[in-house]
2 protein chains.
Amino acid sequence: MPSPVAPASPATPTAPGRSVRDRILDAFEDLLAEHSERAATLEAVAARAGVSKGGLLYHFASKDALVDGVLERFAADLERDVEHMRSAPDGPVSYFLRTSIPSDNRLERVIVAIARLAQASDARASDALADAQRLWLSELEAVVGDRMVARTIMLIGDGMYYNSALLPAANAVLRDETDVQQLIALVERLSARD
Amino acid sequence: MPSPVAPASPATPTAPGRSVRDRILDAFEDLLAEHSERAATLEAVAARAGVSKGGLLYHFASKDALVDGVLERFAADLERDVEHMRSAPDGPVSYFLRTSIPSDNRLERVIVAIARLAQASDARASDALADAQRLWLSELEAVVGDRMVARTIMLIGDGMYYNSALLPAANAVLRDETDVQQLIALVERLSARD
DNA sequence: GTCTATAAGTAGATAGAC
DNA sequence: GTCTATCTACTTATAGAC
């Protein structure tokens with residue numbers, strides 16, 4: 001016998017090794033982040049996840065349950081990110097700004113997705129974003145010392161995130177790693193001052 | 001005769017001196033900014049403006065026309081703002097940051113409203129925001145000199161705007177005028193350096 | 001110009017077959 | 001577990017009376 005894993009699932013249903021639940025949440029996040037809250041209908045999510053609407057509703061009984069699923073996964077992602085931030089070789093400030101640049105990592109995609117839910121007036125989503133901010137901010141304040149400087153760094157990261165969520169990519173205020181390197185140098189001059 | 005203005009409108013329909021068209025656009029912006037894109041249905045807008053759905057659709061033949069109306073007013077508001085920025089006694093940088101703090105002025109409300117439309121994947125709204133950014137950025141670059149510092153200031157302003165649109169007010173990273181005064185001092189130290 | 005009534009389409013959610 | 005078919009509610013837009 002070839003090792004006793006996964007009693008029912010053959011090996012690779014559609015995406016490699018992801019459960020149906022995870023594939024549905026992935027699809028929901030993708031549609032939210034890449035298109036809009038309105039585009040993330042149950043039917044569209046189901047189609048993208050490769051199941052029917054009924055199939056989706058078996059795993060998540062309502063759209064609210066879908067949102068809860070995203071928020072739960074985010075909480076875990078966030079925890080991991082704060083640990084990475086704490087132990088980053090180039091320090092938390094650089095890590096924070098580096099990872100705020102528009103890219104394709106999972107955490108950013110979830111945040112954009114949740115920001116879209118927040119704008120669609122989902123209070124749970126707003127709270128989740130506020131929680132994340134508080135976490136990052138306390139990390140920044142711990143290393144930067146000055147409260148105001150930490151908050152400024154926070155705002156810069158916020159600006160980068162939200163711009164990438166709202167504007168066509170071509171209009172990003174910062175474009176690439178080089179820009180961010182300059183920004184980090186600038187901010188570190190700021191934080192080294194007080 | 002008392003001067004040849006407004007052949008048909010008596011003087012004050014409901015709001016002081018505003019035309020039905022303007023009242024409808026006000027209502028649309030209010031619902032977008034205070035609630036969400038989804039909340040700004042034709043029926044809700046009509047109710048808030050004090051007309052029926054049919055009455056609204058007489059003035060704006062479709063929801064798209066309503067969006068166009070908001071975008072046109074914004075273009076005018078923006079032009080005025082850039083002039084104020086240019087001639088601000090405390091300088092464009094301070095003006096920009098000062099007016100980025102969450103408050104109740106018209107310009108901010110329109111921007112939040114348009115940001116909501118942009119997130120609902122309205123390309124015209126995204127373009128309008130990108131245009132505004134370009135305008136402000138060129139003003140900042142003109143006085144600051146350093147391109148990167150100007151962009152950093154821009155990002156800080158963006159962060160403030162979007163936070164006020166996304167998060168419960170209590171969670172604002174910056175709370176009051178005092179915070180912003182400190183931030184301005186910080187940023188001016190930055191821009192005076194290069 | 002502003003209204004009511006209604007058409008046409010789409011959303012989320014339920015029921016029940018397989 | 002996953003599907004199809006269907007219900008109900010809501011949204012945009014039209015038609016036509018006043």
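A residue is taken to be near a DNA strand if its C-beta atom, placed from the backbone, lies within 6 Å of that strand. This criterion is applied here to a predicted model in which chains A and B are accompanied by DNA strands C and D.

On the side of DNA strand C, 16 residues surround the strand. The closest of these are A:Thr41 from chain A, and B:Ser52, B:Gly54, B:Gly55 and B:Tyr58 from chain B. Helix H2 (42–49) and H3 of chain A, together with H3 of chain B, are the elements that give two or more residues to this surface. The largest share of the surface near DNA strand C comes from H3(B), which provides four residues. In terms of residue class, the surface near DNA strand C is made up of six nonpolar, six polar and four charged residues.

For DNA strand D, the surroundings likewise comprise 16 residues, of which A:Ser52, A:Gly54, A:Gly55, A:Tyr58 and B:Thr41 come nearest. Two or more residues each are given to this surface by helix H3 (53–59) of chain A and by helix H2 (42–49) and helix H3 (53–59) of chain B. Here H3(A) accounts for the largest share, four residues. The surface near DNA strand D contains six nonpolar, six polar and four charged residues.

The arrangement of the two protein chains was examined next. Two copies of a chain are related by a rotation about an axis and a shift along it. In the present model, chain B is superposed on chain A by a rotation of 180° with 0.1 Å of shift along the axis, at an RMSD of 0.1 Å. This is therefore the relation of a two-fold axis. Within chain B, the C-alpha nearest the axis belongs to B:Gly159 and lies 2.0 Å from it.

Contacts between the chains involve 37 residues of chain B and 36 residues of chain A. On the side of chain B that touches chain A, at least two residues each are supplied by helix H6 (106–119), helix H7 (123–144), helix H8 (147–166) and helix H9 (177–193). Of the elements of chain B, H8(B) gives the most to this side, with 14 residues. The residues of chain B on this side divide into 22 nonpolar, eleven polar and four charged. Because 97% of the interface residues of chain B are also interface residues in chain A, the copies meet through the same surface.

Terms used: Residues are numbered from 1 along each chain as its sequence is written. Chains are lettered from A and ligands numbered from 1 in the order in which they are written. This is a predicted model: local features need pLDDT of at least 70, side-chain atom pairs count only at pLDDT 80 or more; totals for chains, interfaces and linings use all residues. Copies are superposed by least squares on the C-alpha atoms of residues with pLDDT of at least 70 in both. Two residues are in contact if their C-beta atoms, placed from the backbone, lie within 7 Å. Ala, Val, Leu, Ile, Met, Phe, Trp, Tyr, Cys and Pro count as nonpolar, Asp, Glu, Lys and Arg as charged, and the others, Gly among them, as polar.
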